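Here's a quick tour of how two chains meet, followed by a look at some charged pairs. Have the model open while you read.

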Amino acid sequence: MKRAFPILAILTAGLLSYGLYGALVQAPTEQTMGDVQRIFYYHVPSAWTAFCLFFVNLVASIVYLVRRDPKADALALASAEVGVVFCTVVLVTGPIWARPVWGIWWTWDLRLTLTLVLWLIYVSYLMLRRFSSSGQTPMMAAVLAVLGALDVPLVYFSIWFFRTQHPQPVIGGGGSIDPRMLHVLLMNWLAFMCFAVLVCWSRYHLEILRRQVEETQALESLASGSAR
Amino acid sequence: MSSPQGVTRATLVKDLRLEWRSKDAINSMLFFALLVVVIFSFSFDPTAEESRRIAGGLVWVAFLFAAVVALNQTWARELRNQVLDAYRVSPAPANSLFVAKVLGNFIFVSVLEALMTPLFVVFYNLRAIGPAYQLLFVAALGTWALVVNGTFFAAMSVRTRSRELMLPLLLFPITIPALLAMVEATSSILTGEFSARFWIVLLAVYDVVFTTGCLLFFEIILHGE
């Protein structure tokens, strides 16, 4: 397991640089939007990665609620933190693209609002974890994650009622895309997923170590207290 | 007295009696909502036509902020003299305590709304063009959505540092769809341009989903394990 980490790190670095090359050079320039469209190779893979991480967080939270396994909680924490970072990338790159193409930075459209609300829910999740230092934090955070997941379909339907302006999804949405573009897109997604797994892995490991240190310190202070 | 309904009734009567004697929650909520109304009408200075369009948002934002004042007191009140710990060790079902607290808050916020609505009508020259009786459904369902989530997250935030601050941070993101539904339903009834039916159904679904979710998880939140 320990040896897999550097291998994954090298693989990620390779994939990310290949993805960058693909996005900037290999992919053909889009007809109407021009070079601005290339941000798509970062925007869309970030979004997919963020949603995958939020899903991992939900599963880990449910596992924690059922089995009370501290490892599941550490995974939930790591995936939420990294997910919020990727979600922030989505929310920042989106307006940069939208300004020249739509002429506006932001619109209250279905996918934009859903992503923003998801981001808000997960930021409040991280705030809860930060403001609560007791042993009940993992349980409260897991409950919040499950309630947040219940919220997502309701947010979806409430905003679906308005017209949607976002470009239709390129896969499964009936839109057509140049196969070379699709190749670069999927390559970038793979690279981003590897990167996310890498960061989550080290964050998870760090969290486990931090807890071990805390436990050892508590035990030591107990032992020194009883020796006196 | 030991039946679940008995526990609910006893807690609810106790809370109502406490509130009746001190009037802490309702006074602070009323004054807070009044301040919001006055400040909003200063900053917008709306005409009747325009106010009809924005009133839905104003009314519910005022109620939401005011409700947080009452919701924060729900469990903080029980921390004094370790009442909350007594609940934890007692064999009474956790959910009957939760239902009592939700009902109590529902009554407080409804009283607030009943008292504040005439003020809104006066300050903003409101008159519903659409079917006004639907506003009752919106108010009942919307208040329930606020109160059921608020009571639940107040029980969570009471266990964190800076608990008064934590409640809105937890409550507002999750409540966004309900808030959107309340605002849109109220606006469409006031302007009479659209039907509010979709939003009322959405609110009802939201209430069912979150009431179930909160009842499911309240016990582990109360016992903290």
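Let's start where the chains touch: 30 residues of chain B are in contact (heavy atoms within 4.5 Å) with 31 residues of chain A. Before going further, note that this is a predicted model, where local features need pLDDT of at least 70, side-chain atom pairs count only at pLDDT 80 or more, and totals for chains, interfaces and linings use all residues. Residues are numbered from 1 along each chain as its sequence is written, chains are lettered from A and ligands numbered from 1 in the order in which they are written, and side-chain values use heavy atoms, with hydrogens and water left out.

**The interface**

The size of an interface is often given as the accessible area lost when the parts come together. Here, the buried area (accessible area, 1.4 Å probe, that two parts lose on being put together, summed over both) is about 2,700 Å² between chain B and chain A, with carbon and sulfur atoms giving 80% of it. On the chain B side, B:Arg161, B:Phe198 and B:Phe217 lose the most area to chain A, together 18% of what that side buries.

What about charges and polar groups? The rule finds 0 salt bridges (a side-chain nitrogen of Lys or Arg within 4 Å of a carboxyl oxygen of Asp or Glu) across this interface. There are 3 residue pairs in polar contact between the two chains, both residues being at pLDDT 80 or more; such a contact is a pair of N or O atoms within 3.5 Å, where within protein one must be able to donate a hydrogen and the other to accept it, and residues adjacent in sequence count only if both atoms are side-chain atoms.

**Salt bridges**

Over all chains, the count comes to 13 salt bridges. Here are three of them:

| Pair | Closest N to O distance |
|---|---|
| A:Glu207 and A:Arg211 | 3.0 Å |
| B:Asp15 and B:Lys101 | 3.0 Å |
| B:Glu19 and B:Arg77 | 3.2 Å |

In the last pair, B:Glu19 and B:Arg77 are both buried (under 20% relative accessible area, 1.4 Å probe, protein chains only). B:Asp15 and B:Lys101 are buried as well. In chain A, A:Glu207 is buried too, with a relative accessible area of 3%. Its partner A:Arg211 sits 4 residues away in helix α6 (residues 179–227; helices are DSSP runs of H or I, at least four residues, numbered from the N terminus) of chain A, so about one helical turn separates A:Glu207 and A:Arg211.

Methods: Helix = DSSP H or I, 4+ residues; strand = E, 2+ residues; numbered from the N terminus. Buried < 20%, exposed > 50% of the residue type's maximum accessible area, 1.4 Å probe, protein only.
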